[in-house]
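Open the structure in your viewer and keep the sequence panel beside it. Each stop on this tour gives a selection to make and then says what is there.

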Amino acid sequence: VNLIASIPEMLNSVIGGVISAGVPESSILVYEATRPGNGPTLPRFLQKTHALYPGVVFRGPDTRDFYGDFPNQIIESSIQPPLRICSDLCAAHHLIALPIVKAIRVDWGTSGALKLHHGTINEPQATHALLYDGTAAVNPCVAINSNPHIRDKLRLIVADGLYGMWTGRHFSG
């Protein structure tokens, strides 16, 4: 299967940099959504990161919530059902994105940081067919990245290009 996922070494490097800039370890929350099946965070992430930074909190598809009382949590678009940003991202003050270099479909090329936040909405699997269009009203990636919880909080993008995938899909169908 042509699957690749992010690696903890990239994450740990970014966490180390954030801590060296004075951010307390206990203030770092990692939202990791790049795993199949929406299950818990992969043990290799938890083990390798917590060995260096035991106070870092991991959240993801198995622990997320989309129904907080945050302004702009519902994404402005015509997409149905309405897309909602994860409450953890709504509560965050700053975001650092670590997208991996992979093509979702060969004809789309790599989507990088734009597709990354597709994993932070409530219905990502229902919107893949809409990724062809460049407008926020249709394309969920454009709508998500235009949302103030992403647009106004994203401070840094560190592309993980250590491994890449150009052919094949990361989902079947």
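Which residues does Ile144 touch, not counting residues up to four places away in sequence? Select Ile144 and display its surroundings: the residues it touches are Ile75, Ile85, His117, His118, Ile121 and Ile150. Keep in mind throughout that this is a predicted model.

**The nonpolar cores**

Stay with Ile144 and add Ile75, Ile85, Leu89 and Ile150 to the selection. These five touch the most other members of the largest nonpolar core, which has 15 residues. Now colour helix H3 (87-91) and helix H5; each of them supplies at least two residues of this core. Another core lies apart from it and has 13 residues, including Val14, Ile28, Val30 and Tyr53.

**Thr127**

Next, select Thr127, in the loop between helix H4 (112-116) and helix H5 (140-146). Is Thr127 buried or exposed? Its relative accessible area is 2%, so Thr127 is buried. Show the backbone of Pro124 as well: its oxygen lies 3.0 Å from a polar atom of the Thr127 side chain. Leaving aside neighbours within four places in sequence, Thr127 is in contact with Ile79, Leu83, His118, Ile121 and Pro140. You have already met His118 and Ile121, since both are also touched by Ile144.

**The cysteines**

Select Cys86 and Cys90 and show their sulfur atoms. How many disulfides does a search of the whole structure find? The search finds zero. For Cys86, the nearest cysteine sulfur is that of Cys90, 7.3 Å away, and Cys86 is in no disulfide. Cys90 is likewise in no disulfide, its nearest cysteine sulfur being that of Cys86. A disulfide needs the two sulfur atoms to be within 2.5 Å, so a pair 7.3 Å apart does not count. Cys86 is buried, with a relative accessible area of 0%, and Cys90 is buried at 6%.

**Asn72 and Asn147**

Move to Asn72, in the loop between strand S2 (57-59) and helix H3. Asn72 is partly exposed, with a relative accessible area of 41%. Draw a distance line from its C-alpha atom to that of Asn147: the two are separated by 7.2 Å, although they are 75 residues apart along the chain. Beyond the residues up to four places away in sequence, Asn72 touches Asn147, Pro148 and His149.

**The salt bridges**

Side chains of opposite charge can pair when their charged atoms come close. The count here is three salt bridges.

- Select Glu9 and Lys48, whose closest N and O atoms are 3.0 Å apart. Glu9 is in helix H1 (residues 8-20) and Lys48 in helix H2 (residues 43-52), so the pair links distant parts of the chain, 39 residues apart. Glu9 is partly exposed at 38% relative accessible area, and Lys48 is partly exposed at 42%.
- Select Arg59 and Asp88, with closest N and O atoms 3.5 Å apart. This pair links strand S2 to helix H3, with the two positions 29 residues apart along the chain. Arg59 counts as partly exposed at 23% relative accessibility, whereas Asp88 is buried at 18%.
- Select Arg151 and Asp152, where the N to O distance is 2.9 Å. Arg151 is partly exposed at 47% relative accessibility, and Asp152 is partly exposed with a relative accessible area of 42%.

Methods: Residues are numbered from 1 along each chain as its sequence is written. This is a predicted model: local features need pLDDT of at least 70, side-chain atom pairs count only at pLDDT 80 or more; totals for chains, interfaces and linings use all residues. Side-chain values use heavy atoms; hydrogens and water are left out. Buried means under 20% relative accessible area, exposed over 50%, partly exposed in between (1.4 Å probe, protein chains only). Helices (H or I, at least four residues) and strands (E, at least two) are DSSP runs, numbered from the N terminus. A polar contact is a pair of N or O atoms within 3.5 Å; within protein, one must be able to donate a hydrogen and the other to accept it, and residues adjacent in sequence count only if both atoms are side-chain atoms. Contact means heavy atoms within 4.5 Å. A nonpolar core is a set of buried Ala, Val, Leu, Ile, Met, Phe, Trp, Tyr and Cys residues joined through side-chain atoms within 4.5 Å. A salt bridge is a side-chain nitrogen of Lys or Arg within 4 Å of a carboxyl oxygen of Asp or Glu.
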